[in-house]
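Please open the model in your viewer and keep the sequence beside it, since this tour moves from one selection to the next. At each stop there is something to select, followed by a description of what is there.

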Amino acid sequence: MKAAVIESVGKAVVTEVPDPTPGPRDVVVEVAACGLCGTDLHILQGEFAPTLPVVPGHEFAGVVVDLGRDVREVSVGDRVAVDPSLYCYECRYCRSGHNNLCERWAAIGVTTTGGAAQYAVAPVANCVRLPDHVRTEDAALIEPLSCAVRGYDVLNSRLGSHVLIYGSGTMGLMMLELAKRTGAAGVDVVDLNADRLATARKLGVSGSGANPDELDRPQGWDVVIDATGNAGAIQDGLERVAKAGTFLQFGVADYATRVSIDPYRIYNQEITITGSMAVLHSYERAAELFAGGVLDPDVFISDRLPLDAYPQALDQFASGVGRKIVVVP
């Protein structure tokens with residue numbers, strides 16, 4: 001089959017790889033669409049994936065075309081979205097309900113062969129059937145949405161909060177849509193990318209700009225979310241949290257990224273700094289929210305490119321052009 005392969009640091013190609021074979025409790029999915037993510041750029045940089053080469057792609061959906069011998073839950077022809085998370089279920093963190101922090105954490109498209117290919121293998125337990133009205137090629141958005149849902153689980157934010165989001169790429173926009181639906185009194189978005197910021201305005205924001213100083217809220221925000229992973233944005237965001245507020249590190253930063261904190265202010269103003277790692281008990285809920293119309297795929301997906309263009313799609317994504325980019329095998 002044809003697949004994108006990150007062969008080595010900085011090098012992605014499209015080539016032929018062996019067809020997948022399902023294990024007893026696996027299914028083979030003919031991929032309808034696979035989304036690109038910041039994690040894919042980190043893998044390209046030599047981060048996250050323990051070994052290269054690897055077929056990337058952890059945001060995908062498609063049609064079941066083959067079943068392992070012990071699979072009864074789905075049938076050939078079913079349309080599914082796939083949760084890429086793979087856990088050991090044995091370590092301290094899995095046993096305490098923090099599977100996303102598993103000591104043997106793995107993920108389809110990160111540590112194992114993923115969905116940037118014509119076909120992909122997944123455990124049947126990771127497959128969620130799609131309702132008839134959801135287009136299969138749109139359902140690659142469910143995985144990033146499930147990460148955003150996890151982010152809001154971590155926040156446990158109060159009704160009437162004022163929210164500031166750094167970044168209006170796919171994840172920032174998803175956090176915007178969830179903030180609007182979880183009782184925020186106001187949601188402001190900042191971004192240096194004018195095109196992406198225009199999309200945030202289209203979706204509906206209380207305020208927007210290239211810098212929070214343009215938003216006239218000197219007392220700060222109850223909830224500040226970084227969806228960029230950029231050191232400058234993170235540093236600025238930490239200083240914008242209001243008293244008793246929360247800062248959520250949601251964007252994925254490079255390993256070497258460092259910022260400074262003010263311990264006295266954190267103590268004196270009871271500021272919470274927290275993080276959100278991938279997916280945890282949120283994929284099925286995201287699938288239901290998606291089926292309910294929480295996102296407009298035609299707004300979120302800016303580019304649908306052929307699988308052959310995967311290296312170029314990575315370059316485009318890295319340059320900040322567009323929103324969600326998906327490849328279509």
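Begin by selecting Pro53, which lies in the loop between α1 (38-44) and β4 (59-67); helices (H or I, at least four residues) and strands (E, at least two) are DSSP runs, numbered from the N terminus. The peptide bond that leads from Leu52 into Pro53 is cis, with omega near 10 degrees. Before going on, note that this is a predicted model, in which local features need pLDDT of at least 70 and side-chain atom pairs count only at pLDDT 80 or more, while totals for chains, interfaces and linings use all residues. Residues are numbered from 1 along each chain as its sequence is written, and side-chain values use heavy atoms, with hydrogens and water left out.

**Strand β4 and a loop residue**

Select Val65 next, which is in strand β4. Val65 counts as partly exposed because its relative accessibility is 33%, where buried means under 20% relative accessible area, exposed over 50%, and partly exposed in between (1.4 Å probe, protein chains only). Leaving aside neighbours within four places in sequence, Val65 is in contact with Val28, Val29, Glu30, Val76 and Tyr119, contact meaning heavy atoms within 4.5 Å. If you add Asp78 to the selection, you will find its C-alpha 8.3 Å from that of Val65, although the two residues are 13 apart in sequence.

Move on to Ile108, in the loop between β7 (106-107) and β8 (119-123). Is Ile108 buried or exposed? Ile108 counts as buried, because its relative accessibility is 2%. Not counting residues up to four places away in sequence, Ile108 touches a set of residues that includes Phe60, Val82, Pro84, Leu86 and Val121. The C-alpha atoms of Ile108 and Ala120 are separated by 8.9 Å, and these residues are twelve apart along the chain.

**Helix α3 and its two partners**

Now show helix α3 (residues 142-155) together with α4, which packs against α3 at an angle of about 55 degrees, with the axes 9 Å apart. Axes here are lines fitted to C-alpha atoms, for helices over the stretch in contact, and angles run from 0 to 180 degrees between N-to-C directions. The two helices are therefore oblique to each other, given that angles under 35 degrees count as roughly parallel, over 145 as roughly antiparallel, 65 to 115 as roughly perpendicular and the rest as oblique. To see the contact itself, display side chains including Leu145, Ala148 and Tyr152 of α3 and Met171, Met174 and Leu178 of α4. The residues of this contact of α3 with α4 divide into eleven nonpolar, one polar and no charged, where Ala, Val, Leu, Ile, Met, Phe, Trp, Tyr, Cys and Pro count as nonpolar, Asp, Glu, Lys and Arg as charged, and the others, Gly among them, as polar.

Keep α3 on screen and add α8 (283-291), for the axes of α3 and α8 come within 8 Å and cross at roughly 115 degrees. That angle makes α3 roughly perpendicular to α8. Among the residues that meet here are Ile142, Glu143 and Asp153 in α3, and Tyr283, Arg285 and Phe290 in α8. The residues of the contact of α3 with α8 divide into eight nonpolar, one polar and three charged.

**Glu177 in helix α4**

Return to α4 (residues 170-181) and select Glu177 within that helix. Glu177 is buried, with a relative accessible area of 5%. Not counting residues up to four places away in sequence, Glu177 touches Leu203, Val294, Leu295 and Phe300.

**Helix α6**

Select helix α6 (residues 231-238), in which Ala233, Ile234, Asp236, Gly237 and Leu238 are buried. These buried residues pack against β10 (162-166), β13, β14 (241-249), α7 (263-268) and β15.

**Two positive phi angles**

Finish with two loop residues, beginning with Asp216, between β12 (207-209) and β13 (221-226). Asp216 has a positive phi of about 55 degrees although it is not a glycine, and Asp216 counts as exposed, at 65% relative accessibility. The last selection is His281, found in the loop between β15 (272-275) and α8. His281 has a positive phi of about 50 degrees, although it is not a glycine, and His281 counts as exposed at 55% relative accessibility.
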